[in-house]
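Biologist: Could you take me through the side-chain contacts in this one, starting with the rings and then moving on to the charges?

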Amino acid sequence: MRHCLLLFFAGLIVSLTSCRNDFEFEPSSGNLEFSRDTVYLDTVFTNIGSSTYMLKVYNRSKKDIAIPSIRLKKPDSKYRLMVDGMSGTSFTDVELLAKDSMFIFIETTVDVAEANPDDFLYTDEIEFSSTNGVQEVHLVTLIQDAYFLYPQRNDEGLYEGVRYDSETNPDSEAVYIYGFNLDHSDVNNGDEYHWNNTKPYIIYGFATVPNGETLVIDPGARVHFHANSGLMVRPGAKLEINGTTSSDPETAENEVIFEGDRLEPGFANIPGQWFGVLLMSAEDNAINHLTLKNAEIGILASAPIGDEVTKPKLSINNSQIYNHRNFGILGVNADITATNLAANIAGQASVACTLGGNYSFKHCTFANYFNHPSQVPLLVNDYQLDGEVLKLSSLNATFENCIMYGSSSLGISLENAGADTPEVTFNCTFSNSLIKFVDFNNRFANHPLYQFNGGGIVNYNSVLIAESSIANTADFVNPQRNNLNILNTSAAIGIGSTAVAAQVPADLNNVSRTANPDAGAYQHLNE
């Protein structure tokens with residue numbers, strides 16, 4: 001009986017399989033459909049590989065088909081394809097089941113010299129042959145030429161490194177990072193201490209300005225940093241960023257822009273794509289009309305490890321600091337002055353003034369809409385915890401005609417660890433400013449740093465407090481997209497001091513604010 005059952009099931013299987021025609025593929029008749037007719041690989045830099053892009057191919061028919069060939073039209077194409085897990089430029093008899101689809105992945109690495117000289121586009125087509133002719137999908141890539149700055153290798157194949165700690169540290173404690181000193185007469189780039197606007201700069205590692213040198217950056221310069229890369233200005237060096245007002249806010253033709261080297265739209269606002277600017281210098285460093293975005297820390301103004309003397313110095317004006325994983329600006333016992341500064345979206349604080357120092361901010365907007373409940377727009381303290389060692393330093397900070405407002409409850413976070421240390425002073429003043437401070441359960445009602453009506457440690461003069469999410473709101477146009485212009489309903493309108501506004505007579509959009517000034521970096525428009 002058992003043998004009869006086995007013979008029965010064997011016969012059943014044979015009869016079922018003999019009726020299947022699933023694997024009988026016929027040549028494609030050319031009725032393929034595609035997820036797009038043209039694949040735009042966005043912008044890439046010359047000889048730098050693109051990201052991988054995807055094309056989906058559909059067989060809408062009821063028949064299993066075999067595509068006779070899928071290939072790139074140009075015989076020496078700079079595009080690369082992956083079809084059915086195989087890489088190449090040409091494929092034959094590619095099978096596609098009825099009512100099914102497949103993915104084709106596309107990449108390119110191309111020199112700008114191979115692009116169209118009129119528009120710098122590099123193009124090709126993917127050809128899908130059939131019994132009725134050829135179907136095509138167009139490929140388009142914009143190629144940008146660039147200056148490439150990166151560490152060199154020595155004869156042993158080791159890359160350059162630059163000192164990260166203080167030069168006064170013993171050699172046994174020296175800390176080096178992947179980077180290089182700029183060169184006045186580089187073979188390919190010329191004078192690397194003068195960054196112009198003729199083509200973008202691509203930085204690998206830490207481009208370093210050493211003691212005694214000055215880096216000058218022209219209006220309209222575009223600087224792109226690779227992952228874990230940045231700009232380091234050593235003690236005794238100087239940074240001059242000379243952006244100017246742009247006539248077109250969309251192109252920002254005279255703005256200097258620092259960002260990552262991923263140009264695809266999906267990376268436009270992703271934090272942490274590069275490290276940031278390490279400012280270690282006490283010289284007269286000046287930044288004007290800079291947009292700096294998508295770093296770990298936008299600007300870290302801090303003396304190098306082991307240096308207890310240098311106090312980094314920076315004047316930053318008419319600038320925007322956006323989308324940073326940790327801090328937009330982090331001052332560590334620094335000397336920073338700022339006007340018309342807009343900062344937004346940072347994992348911890350958009351602006352942080354730590355371990356004391358000297359700070360003066362006029363007509364600045366500190367917002368924070370990072371998706372984390374404990375972030376703040378502004379952090380101010382007089383200490384730093386180094387392991388188990390508490391370091392203290394005196395603080396002098398003034399905030400005039402400013403806005404501190406974000407998606408979390410508190411617009412400011414103040415910490416006075418040196419309150420019981422007489423030699424450490426904590427001088428902090430807010431004037432004619434809008435501050436969000438939603439104190440749930442009155443946790444800070446008796447806190448000496450948050451006595452907005454007087455009687456505490458901090459001076460609050462003519463400040464407007466947003467004590468709830470619906471009263472005294474900042475009403476930014478679109479803070480999630482870093483548009484910190486204020487609407488006609490903003491509580492910041494008209495609360496600024498005219499005396500302060502006279503020192504900063506035009507806002508970040510170059511709009512006059514001398515009459516009835518608003519708080520923040522932007523004067524509202526009556527529209």
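Modeller: What follows is a walk through ring pairs, charges over rings, salt bridges and a surface patch, and the model is a predicted one.

Biologist: Okay, rings then: how many aromatic pairs are there?

Modeller: The count comes to 22 aromatic pairs. One of them joins Phe399 and Phe430, whose rings are stacked, with 4.8 Å centre to centre and 10° between the planes. Phe399 belongs to strand β34 (residues 395-400) and Phe430 to strand β37 (residues 426-431), so this contact ties together parts that are 31 residues apart in sequence.

Biologist: Are Phe399 and Phe430 buried or exposed?

Modeller: Phe399 is buried, and Phe430 is buried as well. Another pair is formed by Tyr450 and Phe452, and this one is tilted, at 6.5 Å centre to centre with 45° between the planes. Tyr450 and Phe452 are both buried too.

Biologist: And which residues do ring pairs link into a cluster?

Modeller: The cluster linked by ring pairs consists of Phe361, Phe366, Phe399, Phe430, Phe437, Phe444, Tyr450, Phe452 and Tyr460, which takes in both of the pairs just described.

Biologist: Switching to charges, what sits over the ring of Tyr58?

Modeller: That is Arg60, whose charged end is 4.2 Å from the centre of the Tyr58 ring. There is also Lys199, which lies over the face of Tyr147 at 4.6 Å from the ring centre.

Biologist: Which residue does Lys199 meet in a salt bridge?

Modeller: The side chain of Lys199 meets that of Asp145, with an N to O distance of 3.3 Å. This pair links distant parts of the chain, since Lys199 is in the loop between β15 (194-195) and β16 (201-203), while Asp145 is in the loop between β11 (133-144) and β12 (147-149), 54 residues apart. Lys199 counts as partly exposed because its relative accessibility is 25%, and Asp145 is likewise partly exposed, with a relative accessible area of 31%.

Biologist: How many salt bridges does the count come to?

Modeller: The count comes to 18 salt bridges. Among them is the one between Arg71 and Glu127, at 2.8 Å from N to O. Arg71 is placed in strand β5 (residues 65-72) and Glu127 in strand β10 (residues 121-130), so the bridge ties together parts that are 56 residues apart in sequence.

Biologist: Why does Glu127 count as buried?

Modeller: Glu127 has a relative accessibility of 10%, and buried means under 20%. Its partner Arg71, at 34% relative accessibility, counts as partly exposed.

Biologist: What about Asp284, where does Asp284 lie?

Modeller: Asp284 forms a salt bridge with Lys313, at 2.8 Å from N to O. Asp284 lies in the loop between β23 (276-279) and β24 (285-288), whereas Lys313 is in strand β27 (residues 313-324), so the pair ties together parts that are 29 residues apart in sequence. Asp284 is partly exposed, with a relative accessible area of 48%, and Lys313 counts as partly exposed at 32%.

Biologist: Which residues do shared salt-bridge partners join into one network?

Modeller: Arg163, Asp165, Glu167 and Arg234 are joined into one network in that way.

Biologist: Last topic, the surface: which residues form a nonpolar patch there?

Modeller: Met54, Met82, Phe103 and Phe105 form a nonpolar patch, which together has about 330 Å² of accessible area. Within this group, Phe103 is found in strand β9 (residues 100-108), and Phe103 is partly exposed, with a relative accessible area of 36%.

Terms used:
Residues are numbered from 1 along each chain as its sequence is written. This is a predicted model: local features need pLDDT of at least 70, side-chain atom pairs count only at pLDDT 80 or more; totals for chains, interfaces and linings use all residues. Side-chain values use heavy atoms; hydrogens and water are left out. Patches are made of residues with over 30% relative accessible area and no salt bridge: like charges are joined within 9 Å, nonpolar side chains (Val, Leu, Ile, Met, Phe, Trp, Tyr) within 5 Å. Accessible areas come from the Shrake-Rupley method with a 1.4 Å probe; for residues, only the protein chains shown count as cover. A salt bridge is a side-chain nitrogen of Lys or Arg within 4 Å of a carboxyl oxygen of Asp or Glu. Helices (H or I, at least four residues) and strands (E, at least two) are DSSP runs, numbered from the N terminus. Buried means under 20% relative accessible area, exposed over 50%, partly exposed in between (1.4 Å probe, protein chains only). Rings of Phe, Tyr and Trp (its six-membered ring) pair if their centres lie within 6.5 Å; planes under 30 degrees apart count as stacked, over 60 as edge-to-face and the rest as tilted. A charge sits over a ring if NZ of Lys or CZ of Arg is within 6 Å of the ring centre and within 35 degrees of the ring normal.
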